Amino acid sequence: MHYLTLLINAYTPAANPENALAMKRYMRDQFEYLGIKTPDRRLINKALKTTSGLPKAAEIPALIKALWEKPEREYQYAAIDLMQQLHKEWTLDDIHLIEYMITHKSWWDSVDGVVSCLAGPWLKKFATAQPAITNKWSNSDHMWLQRAAIIFQNAYKQHTNEQLLYKYVLQHANSKEFFIQKAIGWALREYSKTYPDNVRTFVNSHTLAPLSRREALKRIG
């Protein structure tokens, strides 16, 4: 796979074992790292785009999965970056690839990156598909899909479907999972930047986990 080889050849010389050790430790030793920090990785990506362009949209599914199979975490970040740059060419079928990225090698770094850069924008682009897909995520047994359903509107501001946001928050309000409680607080806090009174009223009218409540009200008291 040509573009995979280009990425490997670009990333390998930039590896930093000392950084890799610290990054691996920060992620609780769940993933290997090359040790390329985000600003450096973006510079490499930019240079590669300048010299070699971007892969064709038709190549993306196989390339994403090949990058996801690589042990070093930077390759998963590269997959997110590449798919984001091809956003004008997204199709309805790409949701399957987005779900794959959420549900494989799942941790907050990749999931939140996929949701912020891919799932959120995709669900805005194909808005008619939004309720069915996010309902499926929220009703699944997969914690990271549940988190995705809760936070996918974080950047929507005044375009947030408030009813859908509150539905998913209440559906998981009793969850004991840290990442779900945190997601609830985060989603409500982001929405409070646009409609603080609505969020304050909602939080004060429902029982939420202390962590969720604290995070939700962090900006508005």
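Start by selecting helix H11 (residues 178-192) and helix H12 (residues 196-205): they pack at an angle of about 145°, with their axes 7 Å apart. Helices here are DSSP runs of H or I with at least four residues, numbered from the N terminus. Axes are lines fitted to C-alpha atoms over the stretch in contact, and angles run from 0 to 180 degrees between N-to-C directions. Show the side chains next: H11 brings Leu 188, Tyr 191 and Ser 192 to the contact, while H12 brings Pro 196, Asn 198, Val 199, Phe 202 and Val 203. Contact means heavy atoms within 4.5 Å. By type, these residues divide into 6 nonpolar, 2 polar and no charged. Pro counts as nonpolar along with Ala, Val, Leu, Ile, Met, Phe, Trp, Tyr and Cys; Asp, Glu, Lys and Arg are charged, and the others, Gly among them, polar.

Before moving on, a word on what's on screen. This is a predicted model, where local features need pLDDT of at least 70 and side-chain atom pairs count only at pLDDT 80 or more, though totals for chains, interfaces and linings use all residues. Residues are numbered from 1 along each chain as its sequence is written, and side-chain values use heavy atoms, leaving out hydrogens and water.

**The core**

Keep Leu 188 selected and add Ile 98, Met 101, Ile 102, Trp 122 and Trp 137: these have the most contacts inside the largest nonpolar core, which has 76 residues. Such a core is a set of buried Ala, Val, Leu, Ile, Met, Phe, Trp, Tyr and Cys residues joined through side-chain atoms within 4.5 Å. Buried means under 20% relative accessible area, exposed over 50%, and partly exposed in between, with a 1.4 Å probe and protein chains only. Now centre on Met 101. Beyond its neighbours within four places in sequence, Met 101 is in contact with Ile 64, Trp 68, Ala 79, Ile 80, Met 83, Val 114 and Leu 118.

**Helix H1**

Jump to H1 (residues 2-11), where Tyr 3, Leu 4, Leu 6, Leu 7 and Tyr 11 are buried. Look down the axis of H1: the buried residues fall within an arc of 160°, so they line one face of the helix. That arc is taken from the directions from the helix axis to the C-beta atoms. They pack against helix H3 (38-52), helix H4 (60-69) and helix H5 (73-85). Flip to the face turned away from the buried side and you'll find the exposed His 2 and Asn 9.

**Aromatic pairs**

The structure holds 11 aromatic pairs. Rings of Phe, Tyr and Trp (its six-membered ring) pair if their centres lie within 6.5 Å; planes under 30 degrees apart are stacked, over 60 edge-to-face, and the rest tilted. Select Tyr 11 and Tyr 75, a stacked pair at 5.4 Å centre to centre and 25° between the planes. The pair links H1 to H5, 64 residues apart. Next, pick Trp 107 and Phe 179: their ring centres are 5.1 Å apart and the planes stand at 75°, so this pair is edge-to-face. Both are buried. Add Trp 144 and Phe 178 to see one aromatic cluster with Trp 107 and Phe 179.

**Two loops to finish**

Select Asp 29, in the loop between helix H2 (17-26) and H3. Phi of Asp 29 is near 60°, a positive value in a residue other than glycine. Then go to Lys 157, in the loop between helix H9 (143-151) and helix H10 (162-171). Phi of Lys 157 is near 55°, also positive in a non-glycine residue, and Lys 157 is exposed, with a relative accessible area of 52%.
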